[in-house]
Amino acid sequence: MNHTIEARAVKLGYGGKVVVPKIDLRVDKPEVISIIGPNGSGKSTLLKALSRLLAPVGGSVLLDGKDIHRLPPREVAKVMAILPQTVQAPGDMTVCDLVAHGRMPYKRMFEQLADADRDCIGAALEATGMQGLQHRRLDSLSGGERQRAWLAMALAQQPRLLLLDEPTTYLDIHHQLEFMKLVRKFHQDMQLTVIMVLHDLNHAARFSQRIIAVKDGLVFADGSVREIFTAENLRALYGVETTVMTIEQGGSSHLVCFPHDCCLPCGA
Amino acid sequence: MTRDLAADPRAAWRTAVALSGLAALAAALLLGIRVGAVPVSSLDIWNVFVAPAGDEVYQIIYNIRVPRVIVGALTGINLALAGCILQGVLRNPLADPGIIGVSAGAGLAAMAVMILWPGYTALVPAAAFAGALVAAAIVFLLSWDRGVQPLRLILAGVALAAFFGGGMSALMVFHSDKVQGTVNWLAGGFQGRSWAHVQMIVPYSLAGILAAILSCRYLNALQLGEEVAKGLGIRVERVRFFLVALAALLAASAVSVAGLLGFVGLIVPHITRMLVGSDFEYLMPCAAVLGAALVVAADTVARAAFSPVEVPVGIFMAFLGAPFFIYLLRKGVRR
């Protein structure tokens, strides 16, 4: 079943300060969607609202047509997994223990992990290539391995929607690419809907089908990569002159952009 | 098909720690009953439970030593559990039961009774308990902002401790002639603790142990940060409220029977974390056992070492606590 998530006239802010005045958007099919936009545009705030970490000041976020803040939190957690931008865990926690947390939404208070849960944890470890590291302490892992461990935890929730907030920010290019390819694989293999905030525009262009560009707390543009990923839009969003072109690699092609100079964003 | 999650290599070590802790607790209890002005043998203790004779030895063992070690053990359990819970909820390694105002509230209330209404010293434990809960409630209210906010709670706790500490100092200054009797209580100790005190603390210990078993899963998830915990479907504000309230009850019941016994709630969770790691499923039971063993052993040493003078165990704990902090300082605090 396809799950839909929808923001209806959502107004977001922190302690009286409005960051997002009004946003409407709807996600109703399994796609990889990147939210892009300059610093302070409200893209992380928007993702927090979609993942119910931040309650809207006005409007509502609907999961399958129901207000996400009124649904039982555990039921939401069975459908939606989130990976915040900065995560922390005790250094002595093992990969396996971390991933096991992904089963929490499925367990009652006294209920222990059953074989089905272990299968699921094992599958998540395998899918992220972490099974060989399952007993390693988190503080003994590299940044890329640690991020994969967190991704495995999210997978163990068996979500249909995966929300990621700048998941590759602290990784080197090798691990960035590895992580993005994993995310794409999950989308293809499991028909997961992925919504992520990305800073790297070329990753957004290459790995997603849909781009939501956010500027000043409003949706500036929303559509397929071909429609949105243009030099005009990037100039308007970021105030940067870019050359956008298609490159062909190994039988597939995707858009890339090369920024070459700063300019005034249009409308600024 | 069941995918094979290979057995956890830490399991054997954790079991060993738990069993050693239990053995240490048993030894501390036995020693605590045997050691004293009137030495008793293990056979005497056996007889008290199997063939009560009602003689002097029986009186000493049954009415003095046994309740004393039990109160000590339960106090250790409660303070250790409260410390574990608070360190987990507040995500702060320096959190201890004092941080939610429990010690300050209990201290001021108990001192007021002892100094202003010296005829009612029997009410000291009840007053301390009430004072602790009132103080915790004030800290709660001050730190409330759509749920208990950890940083606000710590700041509110420090502020309230300073304020109540001022109240205690004022009492001492204006009634300096009556301070003598309060000193022992403030230092924390188990002199003259009876079955009545056991009855005061035991319901909270039982409730605390039960709740600790229920809550270890939530504490583990809270360690992953508020956002991840919410993402896993936990009602973070509600869980935090419940856990801090539980810690307040545990700590309040402990100070009401033991006085201001510091450091147990801070040191024991730390030591246990070093031994078994930060998984609350193992941390909480091990900390409870080690807390009980430590308090009973420390109390036994404190009253035997300088016999016939009894050193309040709180002083003894403070002397244990300071070197421990220096150790942490050198090792570097890790959460």
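**Pockets, cavity and contacts in a two-chain model**

By class, the residues that line the largest pocket come to 23 nonpolar, five polar and 12 charged, and I start with that lining before turning to the rest of this structure, which, I should say at once, is a predicted model. The pocket itself has a volume of about 1000 Å³, and of the 40 residues that line it, the closest to its centre are Gln112(A) and Leu113(A) together with Asp279(B), Glu281(B) and Tyr282(B).

Which elements supply at least two residues each to this lining? From chain A they are helix H3 (95–100) and helix H4 (115–127), and from chain B they are helix H1 (11–34), helix H8 (195–222) and helix H12 (280–304). The most comes from H8(B), which gives seven residues to the lining of the largest pocket.

Let me move on to the second largest pocket, where about 810 Å³ of space lies. Its lining has 25 residues, and the closest to the centre are Leu53(A), Leu54(A) and Ala55(A) from one chain, with Lys230(B) and Glu237(B) from the other. Strand E1 (5–14) of chain A, helix H9 (226–231) of chain B and helix H10 (236–258) of chain B each supply at least two residues here, and H9(B) gives the most, with three residues. Divided by class, the lining of the second largest pocket holds 11 nonpolar, four polar and 10 charged residues.

There is also enclosed space to consider. A search of the whole structure finds one cavity of 30 Å³ or more, and about 60 Å³ of space lies in it. What lines this largest cavity? From chain A the residues are Leu47(A), Lys48(A), Ser51(A), Leu53(A), Ile82(A), Leu83(A), Pro84(A), Gln85(A), Leu163(A) and Asp165(A), and from chain B there is Glu227(B). Leu53(A), then, lines this cavity and is also among the residues closest to the centre of the second largest pocket. Helix H1 (43–50), strand E6 (80–83) and strand E7 (161–165) of chain A are the elements that give two or more residues to the cavity lining, which divides into six nonpolar, two polar and three charged residues.

Next, the contact between the chains. The size of an interface is often given as the accessible area lost when the parts come together. For chain B and chain A that buried area is about 3100 Å², with 56% of it on carbon and sulfur atoms, and the contact takes 33 residues from chain B and 45 residues from chain A. How many salt bridges are counted between chain B and chain A? The count is two, and a salt bridge joins the side chains of Asp97(A) and Arg10(B), at 2.8 Å from N to O.

Finally, I come to the contact inside chain A, which is divided into domain 1 (5–229) and domain 2 (239–268). The C-alpha centres of these two domains of chain A lie 26 Å apart, and their contact takes eight residues from domain 1 and 10 residues from domain 2. Between them the two domains bury about 720 Å², of which 59% is on carbon and sulfur atoms. On the side of domain 1, the residues that lose the most area to domain 2 are Arg206(A), Arg226(A) and Phe229(A), together 59% of what that side buries. Between domain 1 and domain 2 of chain A the count of salt bridges is zero, whereas between chain B and chain A it is two.

Terms used
Residues numbered from 1 in each chain as written. Chains lettered and ligands numbered in written order. Predicted model: local features only at pLDDT ≥ 70, side-chain atom pairs only at ≥ 80, totals over all residues. Heavy atoms only, no water. 1 Å grid on protein atoms, 1.4 Å probe; cavity = no way out; pocket = protein on both sides within 12 Å on 5 of 7 lines; lining within 4 Å. Points joined across faces, edges and corners; volume = space filled by probe spheres on them. Helix = DSSP H or I, 4+ residues; strand = E, 2+ residues; numbered from the N terminus. Nonpolar A, V, L, I, M, F, W, Y, C, P; charged D, E, K, R; others polar. Domains from an automatic or database assignment. Contact = heavy atoms within 4.5 Å. Buried area = accessible area lost by both parts, 1.4 Å probe. Salt bridge = Lys/Arg side-chain N within 4 Å of Asp/Glu carboxyl O.
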